[in-house]
Amino acid sequence: MDLFEYQGKQYFARYGIAVSPGDVADTVEAAIAVAERVGYPVVVKAQVKVGGRGKAGGVKLANNVDEVRTHAGNILGLDIKGHVVRRLWIERSSDIAKEYYASFTLDRPNKTHLGMLSAQGGVEIEIVAEENPEAIAFLSIDPVRGLDLATSRRWVAEAELDEVAREQTAELLVKLYDCYTEGDCDLAEINPLILTPEGVVHALDAKVTLDENASFRHPEWEAFREDEFEDPREKMAKAKGLNYIGLDGTVGIIANGAGLAMSTLDVVNQVGGTAANFLDIGGGANADVMAAALELINADPKVKSIFVNIFGGITRVDEVAQGVLEALERVKITSPIVLRLDGTNAEAGRALLAPHVSANLMTEPTMLDAARRAVALAK
Ligand code: GDP
Ligand code: MN
């Protein structure tokens, strides 16, 4: 899971990495209130999970209330590389003498952690790597041994950071490494890490990716998740315990098993349709699950037809068919449903459905036939 900058900064702060005082704001009025509280000048920063916000006009300096109003107004709603800005982070502005770059990430082929440090920060590290690769000091870190202060000091010297910044940076990097390892990050990046004219080293940006495999030991990550602006359909699916991903098409899809669900998307595409979603109902295709799945897809205004694609293995198709019928008694579905039922007890399943077949509920013998029918109905 990628964090917003403000969440990354909260995470950094937990490990003793100093960040500028600030707060989030979802409206211009709220932005002004934060600015008045932290004191001018402030930086108004778009909170989107994509880099290069500065260049895209998503980071602006404001010296007074009018400038906050202007910048907050312009940045809220701004589209940055396909991400619409719905939240701002307002923080006390820092004076910058130098911009550095620091990060930790995984070096999978080497089975180590990889630290990257550069005296040339502020620009994208990919650009530095391309144009000036010797400006990056790489550090391979044995995950068992970790990063100690002595190693960190040597690293900082190798990266040729300014003398005055070295000791502070060495200490900060150890904290950042702790955040990265104990905090179970896939990436912890500060760009820019600045040196102020007064000689203070300070994190101005935060890019953190959490390793979701470790979420079981981080109940506190829930708060980050709640702050996500999720697709409302996905939010509803999560509440119902369904494995759902919203897409842009018109054919709603229900399948059992992730592999079959993926294939179903492919077949719908193959016959000229577009899928409205990915939905794997897993093994338990009982009436409750089926009702929840149908209800969810039915609530999507773009859906014009529903393709239920079930291959019975351990799951018995007659139970699935029973589930569909019970579900239809409970929820009113507005789009026509095309079923393809195959595998264990498929005959019995189709027999159960036969008396209920109508213009709104039909079965097809194969996946391809069913896809064609569902796509035709969606046109
Ligand atoms: P990014 O473009 O998405 O990486 O956003 P950053 O948070 O890194 O901000 C982009 C740039 O804005 C930085 O590289 C800085 O040059 C500038 N910037 C950000 N915060 C401040 C600040 O407090 N003071 C000043 N003077 N510049 C800032
Ligand atoms: Mn940055």
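Which residues lie nearest the centre of the largest pocket? They are Gly52, Arg53, Asn191, Pro192 and Asp205, and the whole lining runs to 42 residues.

Before going on, some ground rules: this is a predicted model, in which local features need pLDDT of at least 70 and side-chain atom pairs count only at pLDDT 80 or more, while totals for chains, interfaces and linings use all residues. Residues are numbered from 1 along each chain as its sequence is written, chains are lettered from A and ligands numbered from 1 in the order in which they are written, and side-chain values use heavy atoms, with hydrogens and water left out.

**The pocket**

The largest pocket holds about 1,000 Å³ of space. A pocket here is an open set of points on a 1 Å grid over the protein atoms alone, with protein on both sides within 12 Å along at least five of seven lines; a lining residue has an atom within 4 Å of a point. The volume is the space filled by probe spheres set on the points, which are joined across faces, edges and corners.

Several elements chip in at least two lining residues each: β2 (42-46), β3 (59-62), β7 (98-107), α4 (125-131), β10 (185-195) and β12 (207-210). Helices (H or I, at least four residues) and strands (E, at least two) are DSSP runs, numbered from the N terminus. By chemistry, the lining splits into 18 nonpolar, 10 polar and 14 charged residues. For that count, Ala, Val, Leu, Ile, Met, Phe, Trp, Tyr, Cys and Pro are nonpolar, Asp, Glu, Lys and Arg are charged, and the others, Gly among them, are polar.

**Backbone oddities**

Pro192 turns up again here: the peptide bond from Asn191 to Pro192 is cis, with omega about 10°, and Pro192 sits in strand β10. Another cis bond runs from Tyr40 to Pro41, with omega near -5°. Pro41 belongs to the loop between α2 (28-38) and β2.

Then there are positive phi values in residues that aren't glycine. Lys81 has one of about 50°, in the loop between β4 (79-80) and β5 (83-84). Glu160 has one near 60°, in the loop between α5 (149-158) and α6 (163-182).

**Who is covered, who isn't**

Buried means under 20% relative accessible area, exposed over 50%, and partly exposed in between (1.4 Å probe, protein chains only). Here is how some residues come out:

| Residue | Relative accessible area | Class |
|---|---|---|
| Tyr11 | 0% | buried |
| Val128 | 5% | buried |
| Arg166 | 23% | partly exposed |
| Lys240 | 35% | partly exposed |
| Lys81 | 55% | exposed |
| Glu160 | 63% | exposed |

Some of these also come with a distance. Val128 is in helix α4, and its C-alpha is 8.8 Å from that of Ser118, 10 residues away along the chain. Arg166 is in helix α6; from Arg166 to Val84 it is 82 residues in sequence and 38 Å in space, C-alpha to C-alpha. Lys240 lies in the loop between α8 (232-239) and β13 (243-246). The C-alpha atoms of Lys240 and Asp288 are 10.0 Å apart, with their places 48 residues apart along the chain.

**Helix α10**

What does α10 look like? Covering residues 287-298, helix α10 has 12 residues and reaches 16 Å from first C-alpha to last, close to the 16 Å expected at 1.5 Å a residue. That expected span is 1.5 Å times one less than the number of residues. Nine of the 12 residues in α10 are buried, leaving the helix mostly covered. Among them are Met290, Leu294 and Ile297. An α-helix has 3.6 residues a turn, so residues three or four places apart point the same way.

**Rings**

The structure has seven aromatic pairs. Rings of Phe, Tyr and Trp (its six-membered ring) pair if their centres lie within 6.5 Å; planes under 30 degrees apart are stacked, over 60 edge-to-face, and the rest tilted. One of the pairs joins Tyr11 and Tyr15 edge-to-face, 5.8 Å centre to centre with 70° between the planes. Phe104, Trp155, Tyr177 and Tyr180 make up one aromatic cluster.

Lys49 also lies over the face of Phe4, 4.5 Å from the ring centre. A charge counts as over a ring if NZ of Lys or CZ of Arg is within 6 Å of the ring centre and within 35 degrees of the ring normal.

Terms used:
1 Å grid on protein atoms, 1.4 Å probe; cavity = no way out; pocket = protein on both sides within 12 Å on 5 of 7 lines; lining within 4 Å.
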